[in-house]
Amino acid sequence: MNKTGALKMYEANKARRATRSLGLACAAIALALSGNAFAKVGGELQVMAWEGYDLTSQLQAWRKENGVKLQSASIAAQDDVHTKFLAPNPPPIDLAEYNQAYSDLYVKQLKIVKEVDVSKVPNYSADNLFSVFYNQPTWTKDGKQWGVPYIWGMSTILYNPQKVSSAPTSYTDLLKPEYKGKIAIMDDATGSWPVAARVSGFGSKYPLLTKDELKVTFKEFSKYRSQARLIAMNQGDLANFMASGEIIAALCADPAIINQVEAQGTQLETADPKEGVVLWVDAWFMPLAADNVDTAEAYMNMALDPKVQAEVAMSLAQAPVSKKALEFMDEKSKKRYDFANIEKVFAAGLPGIPPVEDDGKHATYADWVAAWQEFKAGM
(Lines give C-alpha, C1' and ligand atoms only; values in the text may rest on other atoms or scores of the structure.)
Protein backbone atom coordinates (compact mmCIF):
# COMPACT_ATOMS: atom_id res chain seq x y z
CA MET A 1 0.00 0.00 0.00
CA ASN A 2 1.33 3.48 -0.88
CA LYS A 3 1.17 6.59 1.28
CA THR A 4 -2.21 7.58 -0.15
CA GLY A 5 -3.58 4.19 0.81
CA ALA A 6 -2.14 4.53 4.29
CA LEU A 7 -3.86 7.90 4.75
CA LYS A 8 -7.20 6.44 3.64
CA MET A 9 -6.73 3.64 6.10
CA TYR A 10 -6.04 6.18 8.83
CA GLU A 11 -9.26 8.11 8.08
CA ALA A 12 -11.25 4.89 8.04
CA ASN A 13 -9.98 4.04 11.50
CA LYS A 14 -10.98 7.27 13.27
CA ALA A 15 -14.33 5.82 14.29
CA ARG A 16 -12.60 2.59 15.28
CA ARG A 17 -10.38 4.47 17.73
CA ALA A 18 -13.37 5.97 19.51
CA THR A 19 -15.13 2.60 19.67
CA ARG A 20 -11.98 0.92 20.93
CA SER A 21 -11.47 3.49 23.69
CA LEU A 22 -15.01 2.96 24.98
CA GLY A 23 -14.68 -0.81 24.74
CA LEU A 24 -11.35 -0.85 26.54
CA ALA A 25 -12.68 1.37 29.30
CA CYS A 26 -15.64 -0.93 29.94
CA ALA A 27 -13.44 -4.03 29.78
CA ALA A 28 -10.91 -2.48 32.15
CA ILE A 29 -13.58 -1.72 34.76
CA ALA A 30 -15.06 -5.20 34.58
CA LEU A 31 -11.72 -6.96 34.72
CA ALA A 32 -10.37 -4.74 37.49
CA LEU A 33 -13.32 -5.72 39.65
CA SER A 34 -12.41 -9.37 39.13
CA GLY A 35 -8.80 -8.72 40.14
CA ASN A 36 -7.38 -9.67 36.70
CA ALA A 37 -3.75 -8.49 36.42
CA PHE A 38 -4.20 -7.95 32.66
CA ALA A 39 -7.10 -5.54 33.04
CA LYS A 40 -6.27 -3.59 29.89
CA VAL A 41 -6.36 -6.58 27.54
CA GLY A 42 -9.36 -6.45 25.21
CA GLY A 43 -10.99 -4.33 22.55
CA GLU A 44 -9.95 -4.17 18.93
CA LEU A 45 -6.51 -5.36 17.87
CA GLN A 46 -5.28 -4.51 14.41
CA VAL A 47 -2.62 -6.88 13.10
CA MET A 48 -0.59 -6.84 9.89
CA ALA A 49 0.92 -10.24 9.11
CA TRP A 50 1.94 -12.58 6.34
CA GLU A 51 -0.92 -14.69 5.06
CA GLY A 52 -1.62 -17.52 7.50
CA TYR A 53 0.59 -16.09 10.25
CA ASP A 54 -1.88 -13.87 12.09
CA LEU A 55 -3.02 -16.60 14.53
CA THR A 56 -6.67 -16.19 13.51
CA SER A 57 -7.56 -19.80 14.27
CA GLN A 58 -4.94 -20.61 16.91
CA LEU A 59 -6.00 -17.79 19.27
CA GLN A 60 -9.73 -17.81 18.57
CA ALA A 61 -10.63 -19.08 22.06
CA TRP A 62 -8.20 -16.67 23.73
CA ARG A 63 -9.68 -13.71 21.88
CA LYS A 64 -13.21 -14.69 22.88
CA GLU A 65 -12.20 -15.15 26.51
CA ASN A 66 -10.51 -11.73 26.62
CA GLY A 67 -12.96 -9.78 24.50
CA VAL A 68 -10.46 -9.13 21.73
CA LYS A 69 -11.75 -8.34 18.25
CA LEU A 70 -9.09 -9.03 15.63
CA GLN A 71 -8.71 -7.00 12.45
CA SER A 72 -6.07 -8.56 10.22
CA ALA A 73 -4.43 -7.30 7.04
CA SER A 74 -2.11 -9.44 4.92
CA ILE A 75 1.44 -8.46 4.00
CA ALA A 76 2.30 -8.85 0.33
CA ALA A 77 5.89 -7.56 0.56
CA GLN A 78 8.00 -6.32 3.46
CA ASP A 79 8.35 -2.87 1.91
CA ASP A 80 4.58 -2.48 2.21
CA VAL A 81 4.90 -2.61 5.99
CA HIS A 82 7.22 0.30 6.65
CA THR A 83 5.62 2.39 3.90
CA LYS A 84 2.46 2.52 6.02
CA PHE A 85 4.28 3.81 9.07
CA LEU A 86 6.17 6.51 7.20
CA ALA A 87 2.93 8.26 6.24
CA PRO A 88 2.23 11.63 7.92
CA ASN A 89 -0.64 10.08 9.88
CA PRO A 90 0.19 6.37 10.12
CA PRO A 91 -2.67 3.92 10.77
CA PRO A 92 -3.06 2.65 14.35
CA ILE A 93 -1.88 -0.86 13.62
CA ASP A 94 -0.99 -2.55 16.89
CA LEU A 95 1.16 -5.43 15.67
CA ALA A 96 3.07 -6.19 12.50
CA GLU A 97 5.73 -8.62 11.35
CA TYR A 98 9.19 -7.99 10.01
CA ASN A 99 11.90 -10.18 8.57
CA GLN A 100 15.12 -10.05 10.58
CA ALA A 101 16.94 -8.43 7.66
CA TYR A 102 14.97 -5.24 8.27
CA SER A 103 15.71 -4.95 11.99
CA ASP A 104 18.29 -2.14 11.87
CA LEU A 105 16.31 -0.29 9.22
CA TYR A 106 13.14 -0.30 11.31
CA VAL A 107 14.70 0.34 14.71
CA LYS A 108 17.74 2.52 14.10
CA GLN A 109 17.12 4.31 10.83
CA LEU A 110 13.38 4.69 10.27
CA LYS A 111 12.61 4.60 14.01
CA ILE A 112 9.11 3.22 13.50
CA VAL A 113 9.19 0.62 16.29
CA LYS A 114 7.84 0.91 19.83
CA GLU A 115 9.75 -0.77 22.67
CA VAL A 116 8.28 -4.02 24.00
CA ASP A 117 7.80 -4.41 27.75
CA VAL A 118 9.13 -7.96 28.12
CA SER A 119 7.70 -8.20 31.63
CA LYS A 120 4.33 -8.48 29.87
CA VAL A 121 5.63 -11.20 27.55
CA PRO A 122 6.69 -13.90 30.04
CA ASN A 123 6.81 -16.58 27.34
CA TYR A 124 9.78 -14.66 25.95
CA SER A 125 12.28 -16.44 28.18
CA ALA A 126 15.45 -18.50 28.09
CA ASP A 127 13.45 -21.41 29.46
CA ASN A 128 11.00 -21.37 26.55
CA LEU A 129 13.02 -20.19 23.55
CA PHE A 130 15.95 -21.71 21.70
CA SER A 131 19.06 -19.72 22.62
CA VAL A 132 19.51 -18.38 19.08
CA PHE A 133 16.28 -16.39 19.49
CA TYR A 134 16.54 -15.18 23.08
CA ASN A 135 18.21 -11.87 23.98
CA GLN A 136 19.97 -11.66 20.62
CA PRO A 137 21.16 -8.35 19.08
CA THR A 138 18.90 -8.83 16.08
CA TRP A 139 15.91 -8.00 18.27
CA THR A 140 17.48 -6.62 21.47
CA LYS A 141 19.38 -3.37 21.06
CA ASP A 142 20.73 -0.93 23.65
CA GLY A 143 19.19 -2.98 26.42
CA LYS A 144 15.72 -2.66 24.95
CA GLN A 145 13.48 -5.22 23.27
CA TRP A 146 12.19 -4.04 19.88
CA GLY A 147 10.92 -7.24 18.34
CA VAL A 148 9.79 -10.66 19.52
CA PRO A 149 10.96 -13.50 17.25
CA TYR A 150 7.97 -15.63 16.43
CA ILE A 151 8.57 -18.15 13.64
CA TRP A 152 11.46 -19.19 11.42
CA GLY A 153 12.11 -21.18 8.32
CA MET A 154 13.94 -21.21 5.03
CA SER A 155 13.63 -20.21 1.43
CA THR A 156 14.83 -23.01 -0.81
CA ILE A 157 13.89 -25.09 -3.84
CA LEU A 158 10.47 -26.73 -3.69
CA TYR A 159 9.90 -29.41 -6.31
CA ASN A 160 7.39 -32.00 -7.44
CA PRO A 161 9.12 -35.39 -7.12
CA GLN A 162 6.69 -36.94 -9.62
CA LYS A 163 7.69 -34.46 -12.33
CA VAL A 164 11.49 -34.34 -12.11
CA SER A 165 14.06 -36.96 -13.07
CA SER A 166 15.95 -36.54 -9.77
CA ALA A 167 15.95 -34.28 -6.74
CA PRO A 168 17.78 -31.01 -7.44
CA THR A 169 20.98 -30.68 -5.42
CA SER A 170 21.96 -27.22 -6.66
CA TYR A 171 20.14 -24.11 -7.80
CA THR A 172 21.92 -24.61 -11.14
CA ASP A 173 20.00 -27.86 -11.64
CA LEU A 174 16.98 -25.70 -12.46
CA LEU A 175 18.80 -24.58 -15.62
CA LYS A 176 18.52 -28.07 -17.10
CA PRO A 177 16.29 -28.47 -20.19
CA GLU A 178 13.68 -30.50 -18.30
CA TYR A 179 12.82 -27.39 -16.25
CA LYS A 180 12.41 -25.03 -19.21
CA GLY A 181 9.22 -23.02 -18.75
CA LYS A 182 8.32 -25.02 -15.66
CA ILE A 183 9.91 -23.15 -12.76
CA ALA A 184 8.75 -20.18 -10.73
CA ILE A 185 10.69 -17.45 -8.97
CA MET A 186 9.20 -15.86 -5.88
CA ASP A 187 8.84 -12.10 -5.83
CA ASP A 188 10.61 -12.02 -2.48
CA ALA A 189 13.66 -9.82 -2.02
CA THR A 190 14.88 -11.34 1.24
CA GLY A 191 14.76 -14.83 -0.24
CA SER A 192 15.74 -14.21 -3.85
CA TRP A 193 18.52 -11.64 -3.56
CA PRO A 194 20.90 -13.81 -1.50
CA VAL A 195 20.38 -16.69 -3.95
CA ALA A 196 21.01 -14.41 -6.92
CA ALA A 197 24.31 -13.41 -5.31
CA ARG A 198 25.25 -17.02 -4.55
CA VAL A 199 24.69 -18.36 -8.06
CA SER A 200 26.72 -15.43 -9.39
CA GLY A 201 29.72 -16.16 -7.16
CA PHE A 202 29.15 -13.33 -4.68
CA GLY A 203 27.35 -15.22 -1.95
CA SER A 204 30.00 -14.57 0.69
CA LYS A 205 29.86 -10.82 -0.01
CA TYR A 206 26.10 -10.36 0.12
CA PRO A 207 24.62 -7.87 0.90
CA LEU A 208 27.74 -5.74 0.33
CA LEU A 209 28.21 -5.92 -3.44
CA THR A 210 29.55 -3.15 -5.62
CA LYS A 211 27.35 -1.71 -8.34
CA ASP A 212 29.36 -3.60 -10.96
CA GLU A 213 28.91 -6.84 -9.03
CA LEU A 214 25.21 -6.12 -8.81
CA LYS A 215 25.04 -5.90 -12.60
CA VAL A 216 26.86 -9.22 -12.94
CA THR A 217 24.53 -10.76 -10.38
CA PHE A 218 21.35 -10.02 -12.24
CA LYS A 219 22.88 -10.82 -15.60
CA GLU A 220 23.62 -14.31 -14.25
CA PHE A 221 20.27 -14.58 -12.49
CA SER A 222 18.49 -13.76 -15.75
CA LYS A 223 19.32 -17.32 -16.85
CA TYR A 224 16.78 -18.52 -14.29
CA ARG A 225 14.25 -15.96 -15.49
CA SER A 226 14.60 -17.46 -18.97
CA GLN A 227 13.67 -20.85 -17.49
CA ALA A 228 10.69 -19.50 -15.56
CA ARG A 229 7.00 -19.86 -16.30
CA LEU A 230 6.27 -16.96 -13.97
CA ILE A 231 7.46 -14.75 -11.15
CA ALA A 232 4.98 -15.56 -8.39
CA MET A 233 3.63 -12.44 -6.71
CA ASN A 234 2.34 -14.31 -3.67
CA GLN A 235 2.20 -17.73 -2.05
CA GLY A 236 -1.34 -18.40 -3.28
CA ASP A 237 -0.36 -17.99 -6.93
CA LEU A 238 2.62 -20.30 -6.53
CA ALA A 239 0.57 -22.92 -4.70
CA ASN A 240 -2.04 -23.02 -7.47
CA PHE A 241 0.52 -23.39 -10.24
CA MET A 242 2.37 -26.14 -8.39
CA ALA A 243 -0.85 -27.96 -7.53
CA SER A 244 -1.85 -27.95 -11.20
CA GLY A 245 1.54 -29.32 -12.26
CA GLU A 246 2.31 -26.35 -14.51
CA ILE A 247 5.21 -25.51 -12.22
CA ILE A 248 7.43 -28.43 -11.19
CA ALA A 249 10.00 -26.48 -9.14
CA ALA A 250 10.17 -23.12 -7.43
CA LEU A 251 13.30 -21.13 -6.78
CA CYS A 252 13.71 -19.38 -3.39
CA ALA A 253 10.32 -20.65 -2.23
CA ASP A 254 8.76 -20.86 1.20
CA PRO A 255 7.64 -24.32 2.44
CA ALA A 256 4.50 -22.64 3.80
CA ILE A 257 2.66 -23.71 0.65
CA ILE A 258 3.42 -27.42 1.06
CA ASN A 259 0.31 -28.30 3.05
CA GLN A 260 -1.89 -26.22 0.76
CA VAL A 261 -0.54 -27.92 -2.38
CA GLU A 262 -0.63 -31.40 -0.92
CA ALA A 263 -4.26 -30.86 0.11
CA GLN A 264 -4.94 -30.59 -3.63
CA GLY A 265 -3.30 -33.92 -4.31
CA THR A 266 0.16 -32.81 -5.43
CA GLN A 267 3.21 -33.87 -3.44
CA LEU A 268 6.06 -31.41 -2.83
CA GLU A 269 9.54 -31.89 -1.43
CA THR A 270 12.17 -29.43 -0.20
CA ALA A 271 15.65 -29.57 -1.68
CA ASP A 272 18.92 -28.97 0.13
CA PRO A 273 20.99 -27.13 -2.50
CA LYS A 274 24.74 -27.19 -2.03
CA GLU A 275 24.81 -23.38 -2.11
CA GLY A 276 22.66 -23.42 1.02
CA VAL A 277 19.12 -22.46 1.92
CA VAL A 278 18.26 -18.90 2.96
CA LEU A 279 17.27 -18.78 6.60
CA TRP A 280 14.79 -16.23 7.89
CA VAL A 281 13.18 -15.31 11.19
CA ASP A 282 10.01 -13.26 11.45
CA ALA A 283 9.31 -11.20 14.54
CA TRP A 284 6.36 -9.28 15.89
CA PHE A 285 6.82 -5.58 16.52
CA MET A 286 4.63 -2.73 17.68
CA PRO A 287 4.53 0.33 15.40
CA LEU A 288 4.73 3.73 17.08
CA ALA A 289 1.08 4.40 16.24
CA ALA A 290 -0.12 1.31 18.14
CA ASP A 291 -2.93 2.30 20.51
CA ASN A 292 -3.78 -1.05 22.14
CA VAL A 293 -0.37 -1.83 23.53
CA ASP A 294 -1.38 -4.08 26.43
CA THR A 295 -3.39 -6.33 24.15
CA ALA A 296 -0.59 -6.37 21.58
CA GLU A 297 1.93 -7.51 24.19
CA ALA A 298 -0.50 -10.14 25.48
CA TYR A 299 -0.97 -11.34 21.88
CA MET A 300 2.79 -11.64 21.42
CA ASN A 301 2.98 -13.60 24.64
CA MET A 302 0.34 -16.03 23.42
CA ALA A 303 2.14 -16.34 20.08
CA LEU A 304 5.09 -17.80 22.02
CA ASP A 305 2.97 -20.32 23.94
CA PRO A 306 4.47 -23.77 23.14
CA LYS A 307 1.18 -25.29 21.99
CA VAL A 308 0.38 -22.29 19.80
CA GLN A 309 3.91 -22.37 18.39
CA ALA A 310 3.49 -26.03 17.51
CA GLU A 311 0.14 -25.45 15.80
CA VAL A 312 1.47 -22.58 13.68
CA ALA A 313 4.66 -24.41 12.73
CA MET A 314 2.79 -27.54 11.65
CA SER A 315 0.11 -25.67 9.71
CA LEU A 316 2.72 -23.66 7.77
CA ALA A 317 5.52 -26.26 7.49
CA GLN A 318 7.77 -23.87 9.39
CA ALA A 319 9.74 -23.99 12.63
CA PRO A 320 8.96 -22.71 16.13
CA VAL A 321 11.19 -20.44 18.19
CA SER A 322 9.95 -22.25 21.32
CA LYS A 323 11.95 -25.36 22.17
CA LYS A 324 9.05 -26.56 24.29
CA ALA A 325 6.85 -26.62 21.18
CA LEU A 326 8.60 -29.75 19.90
CA GLU A 327 6.70 -31.77 22.49
CA PHE A 328 3.45 -30.94 20.69
CA MET A 329 4.61 -31.42 17.08
CA ASP A 330 4.19 -34.46 14.86
CA GLU A 331 7.23 -36.41 13.69
CA LYS A 332 7.06 -35.18 10.11
CA SER A 333 7.21 -31.55 11.24
CA LYS A 334 10.05 -32.19 13.70
CA LYS A 335 12.14 -33.91 11.02
CA ARG A 336 11.82 -31.00 8.61
CA TYR A 337 14.41 -28.96 10.53
CA ASP A 338 17.55 -29.91 12.46
CA PHE A 339 16.41 -28.76 15.90
CA ALA A 340 19.06 -30.84 17.67
CA ASN A 341 21.79 -28.77 16.01
CA ILE A 342 20.03 -25.44 15.81
CA GLU A 343 23.09 -23.46 16.93
CA LYS A 344 25.05 -24.95 14.02
CA VAL A 345 22.16 -24.21 11.64
CA PHE A 346 22.34 -20.53 12.56
CA ALA A 347 26.14 -20.35 12.84
CA ALA A 348 26.50 -18.72 9.42
CA GLY A 349 24.21 -15.90 10.51
CA LEU A 350 21.06 -14.43 9.05
CA PRO A 351 21.15 -12.39 5.84
CA GLY A 352 20.60 -8.66 6.03
CA ILE A 353 19.66 -6.15 3.37
CA PRO A 354 21.92 -3.89 1.31
CA PRO A 355 22.84 -0.53 2.89
CA VAL A 356 20.16 2.13 2.70
CA GLU A 357 22.67 4.98 2.70
CA ASP A 358 25.20 5.32 -0.12
CA ASP A 359 28.70 4.71 1.27
CA GLY A 360 30.36 5.23 -2.09
CA LYS A 361 31.47 1.60 -2.28
CA HIS A 362 28.45 -0.66 -2.32
CA ALA A 363 25.20 -0.90 -4.22
CA THR A 364 22.41 0.52 -2.08
CA TYR A 365 19.06 -0.97 -1.21
CA ALA A 366 17.53 1.37 -3.80
CA ASP A 367 19.98 0.04 -6.41
CA TRP A 368 18.90 -3.52 -5.63
CA VAL A 369 15.23 -2.61 -5.78
CA ALA A 370 15.75 -0.98 -9.18
CA ALA A 371 17.68 -4.00 -10.46
CA TRP A 372 14.98 -6.33 -9.13
CA GLN A 373 12.22 -4.36 -10.83
CA GLU A 374 14.13 -4.45 -14.11
CA PHE A 375 14.67 -8.19 -13.66
CA LYS A 376 10.96 -8.81 -13.18
CA ALA A 377 10.05 -6.57 -16.10
CA GLY A 378 12.10 -8.88 -18.34
CA MET A 379 9.59 -11.72 -17.99
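Two strands count as paired if DSSP finds at least two bridges between them. In this predicted model, strand S8 (residues 183-186) and strand S9 are joined by four bridges, and the two strands run parallel. One position to look for is Met186, which stands opposite Ala232 in S9. Strand S9 itself spans residues 228-232 and is mostly covered, with four of its five residues buried.

The next topic is charged side chains. A search of the whole structure finds eleven salt bridges. Among them is the one between Asp173 and Lys176, where the closest N and O atoms are 3.7 Å apart. Buried means under 20% relative accessible area, so Asp173, at 12%, counts as buried. Lys176 has 36% relative accessibility and counts as partly exposed.

Another salt bridge links the side chains of Lys205 and Glu213, with an N to O distance of 2.6 Å. Here Lys205 is partly exposed, its relative accessible area being 35%. Glu213 is at 15% relative accessibility and therefore counts as buried.

A further salt bridge is found in helix H7, which covers residues 211-227. In this pair, the side chains of Glu220 and Lys223 meet at 3.1 Å, N to O. Where do Glu220 and Lys223 lie relative to each other in the helix? They are three residues apart in H7, so about one helical turn separates them. Glu220 counts as partly exposed at 24% relative accessibility, and Lys223 also counts as partly exposed, at 42%.

Note on methods
Residues numbered from 1 in each chain as written. Predicted model: local features only at pLDDT ≥ 70, side-chain atom pairs only at ≥ 80, totals over all residues. Heavy atoms only, no water. Buried < 20%, exposed > 50% of the residue type's maximum accessible area, 1.4 Å probe, protein only. Salt bridge = Lys/Arg side-chain N within 4 Å of Asp/Glu carboxyl O.
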